[in-house]
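Colleague: Could you walk me through the terms you use for this model? I would like to see how each label is reached.

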Amino acid sequence: MTNGSNSGGSLLTRREAMCAVAGAGLGVISALRMSQPAQAAGEVLQTRLGNPPFPSWNTEFRQLAPNVYAYTQAGGPGVPSSAISNGACILGPDHWMAIDAFAAPPHAKAFLAAAKNLAGSRTCDRLINTHHHADHTTGNCFFLPTEIVGTEYCRQAVIKGGISNLAGRPESWKVGMEELKLAPPSTTFDNNSRVTYRYGNTEVHVMYNGSPAHTWGDALIYLPQYKILWAGDIAFFYVAPAAQSGHITKWIESIDRINKMDVDVIVPGHGPIGSKKELAETRDYLVILKTEAKRRYDMKMSPGKAAAEIEDKFGKYSTWTDPAAIRTVNSVVRLYAEFNDSLAPETDGPAVRAATQEYNAIRSRRSN
Ligand SMILES: [Zn+2]
């Protein structure tokens, strides 16, 4: 397995062919590896677990259409990539638009430097936040005084969350953290609205997802001319979906709605650029979670024990990036709250802590 010989790569090849017909050109604009994928380690892991390999991907811009660039940050087998999220640069004649602002100062600054190579003297006049999570909004302040756009829920949640202290993150992420300022969306839209921005000839639809899914305030960014969708964290490709703020049933329904949209290319919140094929796998993962959790909820099994059991049920998804215990525990706690009708937008910290303790005790007994 080599970089680029992945499903994201083959998808882009199809797009490349489409764009070549249009005379647009497309491809990797700049390879900006922040960490070298340790491919061999990934292959060893895959072989040991006997699951099909999946791709690693690079930190780079890829051109998806004229003046439209998706930005991914490296991840996949062997790449330490927790909370590494994606973005975008959409160029107009005088200005450009960004999507999402990353988890830490070095990531936001690397994106802005790379975008400058594409945008030249054009200034960024708008940043869209797909949702409030810190790995998509901590870098907002580095875009100021640019207009920041998000759902009203996103704004309120960014304010409530405060400035990220990057607790638990690698030291390398904390370089420049004294520069962080709280910068929530300054322009917000409610659950019924859709805004259309124009960058030259490119129409950019920014809209509420239509229901809770990954959070209560997810935005979709859709380019109808090119059938490209930035789905934010409704789409996790080859990365275990994080559901600590989610409504998993409505998340699955949201994916079904996206499947009815006229979309060829999907840029996920995490993972390589893909399509509805990869989105179907995100859905599949969530369905496994829900099905297995419901079975155990009906048996009156505690969420920590259920999470410990469910973690063995993911099959080919078990080696997706970041299958951290906390993701499964969070998801099961969310699902149990959904089943007993007590689900709230915010994470239930005490329930997650209790379930995590139980989960850890069970897993450590198993490994001894
Ligand atoms: Zn998120």
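Modeller: Gladly! Buried means under 20% relative accessible area, exposed over 50% and partly exposed in between, with a 1.4 Å probe and protein chains only. This is a predicted model, where local features need pLDDT of at least 70, side-chain atom pairs count only at pLDDT 80 or more, and totals for chains, interfaces and linings use all residues. Residues are numbered from 1 along each chain as its sequence is written, and side-chain values use heavy atoms, leaving out hydrogens and water.

Colleague: Why does His133 count as buried?

Modeller: His133 has 9% relative accessibility, so it counts as buried. His131, at 0%, therefore counts as buried too.

Colleague: What makes a residue a donor of the zinc ion?

Modeller: Donors are N, O and S atoms within 2.8 Å of the metal (3.2 Å for Na, K and Ca); water is not among the atoms, so sites may look incomplete. His131 (NE2), His133 (ND1), His214 (NE2) and Asp233 (OD) lie 2.1 to 2.2 Å from the zinc ion. Their spacing in sequence is H-x1-H-x80-H-x18-D.

Colleague: Why is the arrangement around the zinc ion called irregular?

Modeller: Four donors count as tetrahedral if all angles lie between 85 and 135 degrees; four count as square planar and six as octahedral if opposite donors are over 155 degrees apart and all others between 65 and 115; anything else is irregular. Here the 4 donor atoms subtend angles of 86 to 173 degrees, so the arrangement is irregular.
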